[in-house]
Amino acid sequence: MCAPEFPRSPHVWRKKNLLFPGKRVRGARKKREIFNTSIINHQESLTPHHQSLRISITPPPASLFLSLKSSMDEDSASPAQPRAQLNLPPTMPRDSLAIETLTTPSDHVNRMINSGHSQSPSRAIYSDRFIPSRSGSNFAFFGIQSSPSPQSASSSSSSSSSSAAESKEEAASSTYNALLRAALFGPDTPERKESPVVGRNIFRYKTETKRSLHALSPFGFEDAGNVVSQSPVKAARKVPRSPYKVLDAPALQDDFYLNLVDWSSHNVLAVGLGNCVYLWNACSSKVTKLCDLGIDDNVCSVGWAQRGTHLAIGTSNGKLQVWDASRCRRVRTMEGHRLRVGALAWSSSMLSSGSRDKSILQRDIRVQDDFVSKLAGHKSEVCGLKWSYDNRELASGGNDNRLFVWNQHSSQPVLKYSEHTAAVKAIAWSPHLHGLLASGGGTADRCIRFWNTTTNSQLSCIDTGSQVCNLVWSKNVNELVSTHGYSQNQIIVWRYPTMSKLATLTGHTFRVLYLAISPDGQTIVTGAGDETLRFWNVFPSPKSQNTDSEIGSSFFGRTTIR
């Protein structure tokens, strides 16, 4: 028979699995009395917690009960003896200790499982399941209120006594919360609403308010306007406001319909002065006189071929001459126009010329004929011509306030724009976006308009405030420059597509009628009726925006081109 283990006592004979003092006694009744006596002897070592413990003894086999019954029957014939009583301390009630005998082992297991163990109120209970406790959650912070549970309703009466203490703590922390909220989110942050809202999500989106990094600091700043942002900001590119070089150009005509300046891919500048053409080498600053047309003719336009050293010259007699600048030799002379040739445009081996006779002639310098086709559409002098970068479209502007777009094989314009209210001389194709065309109007118009020739639509229009004489796109960045005449005679660098002004350059005292860009795309040269050519560094290099052009870094000075 097994019994529960108890703390050992000096009165017990310490033998393995035995709790019997002295020697062993035969008889079932004696054994029971001895076992009860041993329990009595251990009462002194039991704590009050142990005294309330109910002892369960595993039932012995049925054969043992039969032997015990027969033994008790024999003892009943003997004189009656007093039954052994439990010797309990006077402070311990007799009912606190009971010995129960369970009928079956299964009852013993059920008793151990379903026993009503009393929980100690001072000890936390841990288990392998996570049971969330929302007693510490502040639902009012999110604008919601949890539904009261039955337990909370029953304990509402007990919590009323502690509400006074909690109100004192909240009053003490309200000042700190107000200061912390003002330091983190600004003094204008509204107080949170205490009224419950049914069905609102705990986490919800709100419009963010942009604040500086210093607004998140717990320390206030007296002057927020003097706070410098810590994020790196790219500095705006600075464009020099003065030309790095000025050339005197005597007899440079002040005529809006002429085009007398052009810059070649070999870094040579051609300028038409009166009846002569001069070449200025930008690398060596050497000036060369290319030709003299005589006293009966004047130079109306010059234009370099896209590659090579061929230069086309339009004259006031309606003739077109082609020169080889490397050998200073005239290649050929082509006719076809009846009046002056004021506009030229190259497309590979094709050369287009616009005249005061309202016509555009397409010429192929590889054939003997003076021209291969004639384009008619303008009702006044053609003063602007430009081929697109893919050599598929030709844009022409005239004194009839019209802008036309032609393809390679058309004899009539494929696109017609009539929004300008003055002569259209300034024309430029974007090298960055296919089909983007910019055009500028004269004194009565003063606008720069942008067109999408792919969709045949106008994109935008900006009023510059003065006559638009020339336009050119930068090859390195998405910017363009415009030159102006009446009444401000300025040069403006624009950022596309915002059309914000990067720089406004002044210096010419007459209309800035002529414009050309260097082959590296960094420098422009402007000419005016004040008989000067001015060189400006306005665009960055393709590799570094801070690298100066090799042309502009030579020297600053004023020389004469002839």
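Me: Hi! Which residues does L269 touch, not counting residues up to four places away in sequence?
Reply: Happy to help! This is a predicted model, and in it L269 touches V261, D262, W263, Y278, L279, W280, V525, L533 and F535.

Me: What about the largest nonpolar core, which residues have the most contacts inside it?
Reply: Those are L269, L311 and L533, in a core of 39 residues.

Me: And which elements give two or more residues to this core?
Reply: Strands 4, 5 (268-273), 6 and 7 do, and so do strand 8 (299-304), strand 9 (310-315), strand 28 (512-517) and strand 30 (532-537).

Me: Let's look at the open sheet of four strands. What order do they have?
Reply: The order is 4-5-6-7, and the pairing is antiparallel. Strand 4 (261-263) and strand 7 (287-292) are at the edges; each has a single partner strand, so one side of each has no neighbour in the sheet. From one strand to the next, the twist averages 20°.

Me: How many bridges join strand 6 to strand 7?
Reply: Five bridges join them, with strand 6 covering residues 276-281. W280 stands opposite V287, which is in strand 7.

Me: Changing topic: how many disulfides does a search of the whole structure find?
Reply: Zero.

Me: Why is there no bond from C328 to the closest cysteine sulfur?
Reply: That sulfur belongs to C291 and is 9.5 Å from the sulfur of C328, which is too far for a bond. A disulfide needs the two sulfur atoms within 2.5 Å.

Me: Is C300 buried or exposed?
Reply: C300 counts as buried because its relative accessibility is 4%. C328, with a relative accessible area of 36%, is partly exposed.

Technical notes: Residues numbered from 1 in each chain as written. Predicted model: local features only at pLDDT ≥ 70, side-chain atom pairs only at ≥ 80, totals over all residues. Heavy atoms only, no water. Buried < 20%, exposed > 50% of the residue type's maximum accessible area, 1.4 Å probe, protein only. Pairing = 2+ DSSP bridges. Axes fitted to C-alpha atoms, helices over the stretch in contact; angles between N-to-C directions. Core = buried A, V, L, I, M, F, W, Y, C linked by side-chain atoms within 4.5 Å. Contact = heavy atoms within 4.5 Å.
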